[in-house]
Amino acid sequence: PTSAQVSVVPQPGRFRYTLDNNVLTAEQRQFYEDNGYLLIKKLVSDEDIERFRKEFVRICKKEVKVPGAMIMKNESLRSQYGQSEKVVNKVQDFQEDKELFRYCTLPEVLKYVECFTGPNIMAMHTMLINKLPDNDKQTFLHPMHQDLHYFPFRPADLIVCSWTAMERADQDNGCLVVKPGTHKQPLKPHGYPKWEGKTNKLFHGLLDEDEKSPKIHLVMEKGDTVFFHPLLIHGSGVNKTSGFRKSISCHFASSECYYIDVKNTTQEHLEKELVEMAHKKYNMASLELRDIWNFRARLVQGERINL
């Protein structure tokens with residue numbers, strides 16, 4: 001089996017992927033139905049983004065320690081730059097950082113999230129990405145992938161990612177790349193790309209990618225926010241500049257979603273890898289993928305039902 005079956009929530013009328021409310025226009029809903037993503041310009045204020053950036057720098061300098069967060073670094077640069085933002089590629093699972101987690105509770109973000117998840121909203125997965133410039137030893141390109149590969153909960157149609165550019169993102173500094181309409185495809189097998197010694201931990205990609213299918217580079221300005229479906233095939237390019245491309249994101253899900261068992265699916269090897277990492281970090285013996293997600297999940301609106 002390619003994956004645990006993705007069940008579909010039936011929607012009355014012509015819209016399957018968006019819910020009836022007065023936030024999205026008919027054109028916006030149709031665009032998401034057809035393409036699997038929707039870009040909203042200038043959604044998050046400069047003031048909020050500046051606050052997130054300052055907190056990120058504090059975390060890099062170890063002035064703030066975030067319980068449970070995974071700080072991903074390029075170790076080869078540490079001797080050159082020490083503890084600074086020039087070394088940290090990503091802060092993942094920042095749900096215990098009050099300042100960064102504010103992003104997941106912003107009313108202007110949740111207003112749109114509710115169009116995809118309904119009113120009971122869980123923040124499941126948080127990341128602040130600081131895409132470092134590429135070098136000879138390391139690439140920070142993220143291969144094309146589907147986010148659902150990482151998630152042991154369903155249905156996919158009640159999950160959405162909110163991804164906000166913290167500065168201009170374009171082809172030079174490695175903006176998001178999406179394949180429109182691929183959210184209608186099933187979950188595909190993922191693994192590490194065959195790049196000699198340049199792969200990043202947990203940066204899984206599609207094992208069999210159709211190189212010919214059309215791609216769109218999402219050029220975004222500071223504060224622009226894209227919402228996308230967890231089956232949409234996407235990735236990010238190489239940062240060819242000397243600067244750092246920052247973005248902040250959260251995967252939201254309806255609390256009515258439910259956990260699934262990923263054994264005997266294409267997600268089984270991911271569970272093994274994550275469980276091994278958690279075992280090393282926290283010395284926890286019996287652990288399943290759902291336990292890791294349960295630990296990350298936070299209610300941000302409505303009531304907590306399943307997740």
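This is a short walk through a predicted model, going from one strand to its neighbours, then to a cavity, a sheet and a helix.

**Stop 1: strand β4.** Select residues 121-131, which make up β4. Colour them by burial: 11 of the 11 residues are buried, so the strand is largely enclosed by the rest of the structure. Keep β4 highlighted, as the next stops branch off from there.

**Stop 2: the partners of β4.** Add residues 245-254, strand β14. β14 runs antiparallel to β4, and 10 bridges join the two. To get your bearings along this pairing, pick methionine 122 and look across to alanine 253 in β14, which stands opposite.

Next, bring up β3, residues 88-92. β3 also pairs with β4 in the antiparallel sense, here over three bridges. Click on lysine 90 and you'll find its bridge partner in β4, isoleucine 129.

Then show β16, residues 298-301. Again the pairing with β4 is antiparallel, over three bridges. Alanine 123 is a handy marker, with arginine 298 of β16 opposite.

**Stop 3: the largest cavity.** Switch on a cavity display. Across the whole structure, a search turns up two cavities of 30 Å³ or more. The largest holds about 450 Å³ of space. Which residues should you show as sticks to find its centre? Go for Lys90, Met127, His142, His145 and Asp147, the closest to the centre among the 30 lining residues.

β4 turns up again here: it gives four residues, the largest share of the lining. At least two lining residues each also come from β3, β5, β7, β13, β14 and α7. If you colour the lining by class, expect 14 nonpolar, 10 polar and six charged residues.

**Stop 4: an open sheet.** His142 and His145 are a good lead to β5, which spans 142-145. β5 belongs to an open sheet of four strands, ordered β5-β13-β8-β11 with antiparallel pairing. β5 and β11 (216-217) are the edge strands, each with a single partner, so one side of each has no neighbour in the sheet. Zoom in on β5 and β13, which pair over two bridges. Histidine 145 has another histidine as its bridge partner: histidine 234 in β13.

**Stop 5: helix α7.** Finish with residues 289-296, helix α7, one of the elements that line the largest cavity. Show Leu289, Ile292, Trp293 and Arg296, the buried residues of the helix. Now turn the view to look down the axis of α7: these buried residues fall within an arc of 95°, so they line one face of the helix.

Methods. Residues numbered from 1 in each chain as written. Predicted model: local features only at pLDDT ≥ 70, side-chain atom pairs only at ≥ 80, totals over all residues. Heavy atoms only, no water. Buried < 20%, exposed > 50% of the residue type's maximum accessible area, 1.4 Å probe, protein only. Arc of directions from axis to C-beta. Pairing = 2+ DSSP bridges. 1 Å grid on protein atoms, 1.4 Å probe; cavity = no way out; pocket = protein on both sides within 12 Å on 5 of 7 lines; lining within 4 Å. Points joined across faces, edges and corners; volume = space filled by probe spheres on them. Nonpolar A, V, L, I, M, F, W, Y, C, P; charged D, E, K, R; others polar.
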